[in-house]
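I wanted to look up the salt bridges and to note how far the side chains that form them are open to solvent. The entries below follow the order in which I went through them.

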Amino acid sequence: MLRAIVRSMTRFIDLSIPITNDVISDPEVMRPKVTYMTHEDTWQQIAMFFPGLEKADLPDGEGWAVEMLELSTHNGTHMDAPWHYHSTTDSGAAPAPSIDEAPLDRFFRPGVKLDFSHLPHGHVVSATEVEEAFDRIGYDLQPLDIVLVQSGAEYGTDNFTDQGVGLGAEATLWLTEHGVEVVGTDAWSWDAPFSHTARRWAENRDPAIIWEGHKAGRIRPYYQIEKLTNLAALPSHGFTFSCFPVKIERASAGWIRAVALVEE
């Protein structure tokens, strides 16, 4: 059956940002570091396995290319597990699952895109606005659909972490009430950027507004993708979304290669 599905979808759209030293997409304390070891300077690594081997013994004197990475599970395009948001879920009735416990059948499903990029940065999307967005595109949301949000954030531009709208607790719970278990955004966070939330919090000191979309996972578990890109290339619906996370034991997140398969 999977072969038949793939055969009918001939256009693959990459929705993932790279893990790179060169584009700032995280706060300084969380930035990844990639160290590149190239063919010119790695012949000694091969020689460790073959005592007496000299550089000249290798074709063109070249070793291998290898990279070493220092990174968080939340660098690059990644998927948060409910364990990231809170220690429990289902209103405290169950331990929150980590990313290695994620149900794989949730991560190759029909996708739908909601475009909120016309709203100001820092805006917290309400449940009513989510309903209105589905009405605009004429789509009837189905359980286990994957909902992607075009937030207005632009990867590769200055102050990326301060850009985009967020979905608050109300909107997130509306989605999970309708059977959605996987969501995603092209912003740094599913919630509104901290810089905007901090200004609102300074006015009223209401802790309920801090990380409220994430904390909705305490009520019902859901998986959340952050730092997607290229969502403007997607139709509003009519595509399948693939987002399998890397399996990291007891981890709060795992990196994904996010790809949309669009029917031609």
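**Salt bridges and exposure**

I began with arginine 250, which is exposed, with a relative accessible area of 62%. The model I am reading is a predicted one, and I keep that in mind for every value below. Arginine 250 forms a salt bridge with glutamate 249, and the closest N and O atoms of this pair are 3.2 Å apart. I then looked up the partner and found that glutamate 249 also counts as exposed, at 60% relative accessibility.

Next I noted the network: Asp105, Arg106, Arg109 and Glu181 are joined into one by salt bridges that share partners. Within this group I looked at aspartate 105 and arginine 109, whose side chains meet in a salt bridge at 3.5 Å, N to O. Aspartate 105 counts as partly exposed, because its relative accessibility is 42%, and arginine 109 is likewise entered as partly exposed, at 22%.

My following entry concerns arginine 220 and glutamate 177, whose side chains meet in a salt bridge with an N to O distance of 3.5 Å. Arginine 220 lies in the loop between α7 (212–215) and β12 (223–226), while glutamate 177 belongs to helix α5 (residues 169–177), so this pair ties together parts that are 43 residues apart in sequence. For exposure I wrote down that arginine 220 is partly exposed, with a relative accessible area of 25%, whereas glutamate 177 counts as exposed at 54%.

Last, I asked how many salt bridges the count comes to. The count is 9 salt bridges.

Notes
Residues are numbered from 1 along each chain as its sequence is written. This is a predicted model: local features need pLDDT of at least 70, side-chain atom pairs count only at pLDDT 80 or more; totals for chains, interfaces and linings use all residues. Side-chain values use heavy atoms; hydrogens and water are left out. A salt bridge is a side-chain nitrogen of Lys or Arg within 4 Å of a carboxyl oxygen of Asp or Glu. Buried means under 20% relative accessible area, exposed over 50%, partly exposed in between (1.4 Å probe, protein chains only). Helices (H or I, at least four residues) and strands (E, at least two) are DSSP runs, numbered from the N terminus.
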